[in-house]
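Good morning, colleagues. Please take a moment to look at the sequence and the model before we go through the contacts together.

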Amino acid sequence: MKIIVCVKQVPDTSGKVAVNPDGTLNRASMATITNPDDLNAVEAALQLKEETGAQVIVVSMGPPPAEGMLREILARSADKAVLVSGREFGGSDTYATSQILAAAINKIGLEDDDVVFCGRQAIDGDTAQVGPQIAEKLGLPQVSYAADIHKEGDTLTIKRMLEDGYMTIKVHTPCLITCIKELNTPRYMSVGGVFEAYSKPYEVLDYNALKDDPLIDPSTIGLKGSPTNILTSFTPPQKGAGMMLEGADRATCEKLAGIMAAKHMI
Amino acid sequence: MSNYDSSAIQEFNGGVWVFCEQRQGAMMSTSYELISEGRRLANELGTKLYGLLLGSGIEGLAKELGGYGADGVYVCDHPLLANYTTDGYTKVICDVIRAYKPEVMLIGATNIGRDLGPRCAARLHTGLCADCTHLDIDMGIYKDFLHSASTLPADKIDALNTAMVMGEKHDVSRDLKMTRPAFGGHLMASIICPRFRPAMATVRPGVMKKAAFDQAKADACEIIKPEFSLTQDDLETEVVEVVKAAKKLVDLIGADVVVSVGRGISKDVEGGIKLAEELAEVLGGVVGSSRAVVDSGWISADHQVGQTGKTVHPKIYIALGISGAIQHKAGMQDSECIIAVNKNDTAPIFEIADYGICGDLFKVTPLLIEAIKAAKAAK
Amino acid sequence: MDFHLSKEQEMVRKMYREFAETEVKPLAEEIDEEERFPMETVEKMAKLGMMGIYFPKQYGGAGGDVLSYAMCVEELAKVCGTTAVIVSAHTSLCCAPIFEHGTEEQKMKYLPDLLSGRKIGAFGLTEPGAGTDASGQQTMAVKNENGDYVLNGTKCFITNGNVADTFVIFAMTDKSKGNHGISAFIVEKSFPGFSTGKHEKKMGIRGSSTCDLIFEDCVVPKENLLGQEGKGFKIAMMTLDGGRIGIAAQALGLGEGAVNEAIKYTQERVQFGRRISQFQNTQFQLADMHTRMQAAQFLVYSAAMKKQNHEPYSMDAAMAKLFAAEAASDVTRRAVQLFGGYGYTREYPVERMMRDAKITEIYEGTSEVQRMVISSHLGVK
């Protein structure tokens, strides 16, 4: 049994975010982190590994420096890392990204008792689309928003969160599950794991390695294979220095409630 | 010559569609919001607006959608659609879309919508924009929006008529402009889907305004029952149970709204905390506090925001009777919107507040609760 | 001299830092206030291999190196001096002498539990009458008819004393031979005749356990003699050489932690209408503070690398500890000054760091002892 975990390196948007004059993100000036939800997916995989002895393979699409992130996941006791990297893959939207990652998973080889884990969404795009789209490309059933996972034989029972409650869903392997932070608390790297991380199997899959997969076609990957285009990006107007509302009576409160409503805060 | 097939997308002339999500036979309110918004888009495109309703025994819900602007509703009623399943819903929706070819497809960005949308878009080979907060067709309206909601130079906005698509200029005037926040709201982006149809968007619930209900339109709403096939074999996931949870307690760090109390509640501690709880309840948030309130034993330590307490960055932080000492600010200054109520107009909290009211929290808070309730009801 | 860290060292530092920020920092104030040993933290560190960082995997260690151990103590000390010394005393003063001087049987018996953190280690050299002058040992070890040793005496100021299971203890086996009559023993908490005394109330590192160890006809099996009879003093001195790297790293972390806090605070605190970081005094103070700690870091890392490479490092460890401890005391005191009145309160961590830093000038050899070690290496008599 294998567990394949898809992870993404993202800019750390928790602190100050740098924006270029043209309205794009100044990624170079920002620290990168492993996408937080993806660490929950990694943890889910590692817990399942401890139960079942499965092999955990972590996959990421990104530039070569993403190796550092993958090594950190190996230091958390994943068994193997695969970086999908190539100029041809640049500019991919979620559709094209899922084509490429699905091809990479095909290359790794998906068997009947395997499970694919993804984080629910990445903090840079916040789309939550790549997981379900990989599942579609691989023809796998998907369960998103997983807050609890139990595996017995080839059946997984998953608590799938809704805004107003949850569903309990049964699904068989192979399947794809997207994980939310309520699922678990990601472990730290261990000292022993760190000192083994650079001797574990690490593979880079480029365009040539994947090009024989029918999913990989110039019309379905990269910028030209992306159904969506960015028309424009921009920063919202700067936050004002703050506004003291006049008075402290009913009219003042109604004005504030009006502002809150207009700004979709309520 | 265009290097993509623009004639293929012209076949998609079946109107603007809205996936109308219902759970256990109850329509999700975001469905009405999207029907209302979809009406505007359909008008701007000069086309019709349809709802798409899936479920079991749900035909009775369809006509009401007409009251918010739908010209018709495609109703797919089947026992296997009683509960939402990714595979069942995706199959039916994709089959119906392929048959009727809508130009635009909107889905509420609920946990279900964000599961369903990407799966359908991948199967249909089209583009999907997630969690949109603004949608436009008409270029004039879109540009007005950019003038007010962006820092782009005015001349750049006015010149924005085309996009480079596959190496050539593409006129975006009939494309759905889907605007959404990225990077935690630090950036906004307008996305188009120029080469494929339907252009799909999931839309953040609560953002679009629900139109006034019109009974006559509801009565006139056409019900269409498309043919589709669905068998047990199509379902690879099994819904064992659906549980509606009692309201879960949200922790301070994960909360979208935090209403905190400070030393200003000292003249009536219990009353002050109760007001904060009421305000938090109205806004769907939790109660926090300054260190002084914890140290005085008025509230338990897990409520404390600040240097020695928790660091929070909610969407709304309301400080009631908190002066804003540096150690408190350290824990909350990155909140998206800070509202402060304090008797002292020189309180440092006002230096970082987006909105300040100088007044007695015991008088202001009840009025604010009333005003917010009224504003919510009006939505 | 190579000032670059390996990829593994960079990565493990990141892990220590995340752990310290998330798991250790939130408890620091509480364990200081309540004088409570943070057993829950030790359990978490144990799972991550932090209780056996630089020992081989065959004994249950994490397979790291001495520098990554020093970095661990440093990162912990940035947020909590107590937690740092727990790791340092356990690793340097108990695991290291057993690893370096133990027989294969002793190593296989004791190291797996210690290095995995299932058991905590401590070291007993100091006595009420034998502090800086460690040769004045009064604890006696007398052979009985079975060839086992019977220990009588009292050790004091023993770090981890109340929580440890395994102790490296020094006692006189032949008083007539002075230093050459001292021997080292591995003592288990459960040995009959062994007990611990009351918890010492301290100025700093208040969460760490410090107490007397009392030996009343305590029988230590002969196979628990560590090294040869009469070689105890040498083992003690070699152990303290290594220990000084740990304490130097603790001092380093405390000073760096105080600099971090001061940088953050002075950029927020406004007086005379300006952030106090805008005053040149603040800027110069912080520049000096950071420079001192950076110099300390080079000394500490250099000593750790030499120990890792099996080069002589006794003088390097003494210099590292001397400099880092005095720098930490100075820098934490200056940090309190930059914080003003708030710095003197327990609202902010810098007063705790100042209290914690003082001990680094005293234990595992006072600064005066370090100067003795350094000058004797220089051949100055």
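**Salt bridges, interfaces and cores**

Over all chains, the structure holds 69 salt bridges. I should say at once that this is a predicted model, and that side-chain atom pairs count only at pLDDT 80 or more.

Let me begin with a pair inside chain B. The side chains of B:Asp360 and B:Lys267 form a salt bridge, with 2 atoms, N and O, at 3.0 Å. B:Asp360 sits in the loop between β20 (355–358) and α13 (361–378) of chain B, and B:Lys267 in the loop between β16 (257–261) and α9 (269–283) of chain B, so the pair ties together parts that are 93 residues apart in sequence. Are the two partners buried or exposed? B:Asp360 has a relative accessible area of 13% and is therefore buried, the limit being under 20%. B:Lys267, at 59%, is exposed, because that value is over 50%.Chain C offers two further pairs. In the first pair, the side chains of C:Glu75 and C:Arg17 meet in a salt bridge at 3.1 Å, N to O. C:Glu75 belongs to helix α3 (residues 66–79) of chain C and C:Arg17 to helix α1 (residues 7–34) of chain C, so this salt bridge ties together parts that are 58 residues apart in sequence. C:Glu75 is buried, with a relative accessible area of 2%, whereas C:Arg17 counts as partly exposed at 40%.

In the other pair, C:Glu23 and C:Lys44 meet through their side chains in a salt bridge of 2.8 Å, N to O. This pair links distant parts of the chain, with C:Glu23 in helix α1 of chain C and C:Lys44 in helix α2 (residues 39–47) of chain C, 21 residues apart. C:Lys44 is partly exposed, at a relative accessible area of 33%.

Chain C also contains a network of salt bridges, which links C:Asp32, C:Glu33, C:Arg206, C:Arg346, C:Glu351 and C:Arg355.

I turn now to the interfaces. The size of an interface is often given as the accessible area lost when the parts come together. Between chain A and chain B, the area buried is about 7300 Å², and carbon and sulfur atoms give 60% of it. This contact takes 84 residues from chain A and 91 residues from chain B.

How many salt bridges are found across the interface of chain A and chain B? The rule finds 7 salt bridges there. One example is the salt bridge in which the side chains of A:Asp164 and B:Arg23 meet, at 3.0 Å, N to O. Across the interface of chain A and chain B there are also 36 residue pairs in polar contact, both residues being at pLDDT 80 or more.

On the side of chain A that touches chain B, the elements giving two or more residues include α4 (130–138), β7 (142–152), β8 (155–162) and α7 (250–262) of chain A. Which of the elements gives the most to that side? It is α7(A), with 9 residues. By class, the residues of the side of chain A that touches chain B divide into 38 nonpolar, 29 polar and 17 charged.

Next comes the interface of chain B and chain C. Here the area buried is about 740 Å², of which 44% comes from carbon and sulfur atoms. The contact between them takes 7 residues from chain B and 9 residues from chain C. The count between chain B and chain C is 1 salt bridge. The side chains of B:Arg291 and C:Glu347 meet in a salt bridge at 2.6 Å, N to O. The rule also finds 1 residue pair in polar contact across this interface, both residues at pLDDT 80 or more. The side of chain B that touches chain C has 2 nonpolar, 4 polar and 1 charged residues.

Finally, the nonpolar cores. In soluble globular proteins, nonpolar side chains tend to be buried together. The largest nonpolar core of this model has 185 residues, and those with the most contacts inside it are A:Phe117, A:Ile177, C:Met50, C:Leu76 and C:Leu151. Helix α6 (residues 232–266) of chain C gives the most to this core, with 14 residues. A second, separate core of 42 residues includes A:Met260, B:Ile299, B:Cys337 and B:Ala371.

What does A:Ile177 touch, not counting residues up to four places away in sequence? Among its contacts are A:Val115, A:Phe117, A:Val143, A:Ile149 and A:Leu156.

Helix α6 of chain C also holds C:Thr266. At 0% relative accessibility, C:Thr266 counts as buried. Leaving out residues up to four places away in sequence, C:Thr266 touches C:Arg275, C:Ile276, C:Ser277, C:Thr282, C:Leu286 and C:Leu338.

Methods: Residues numbered from 1 in each chain as written. Chains lettered and ligands numbered in written order. Predicted model: local features only at pLDDT ≥ 70, side-chain atom pairs only at ≥ 80, totals over all residues. Heavy atoms only, no water. Core = buried A, V, L, I, M, F, W, Y, C linked by side-chain atoms within 4.5 Å. Buried < 20%, exposed > 50% of the residue type's maximum accessible area, 1.4 Å probe, protein only. Helix = DSSP H or I, 4+ residues; strand = E, 2+ residues; numbered from the N terminus. Contact = heavy atoms within 4.5 Å. Buried area = accessible area lost by both parts, 1.4 Å probe. Salt bridge = Lys/Arg side-chain N within 4 Å of Asp/Glu carboxyl O. Polar contact = N/O pair within 3.5 Å; in protein donor to acceptor, adjacent residues only side chain to side chain. Nonpolar A, V, L, I, M, F, W, Y, C, P; charged D, E, K, R; others polar.
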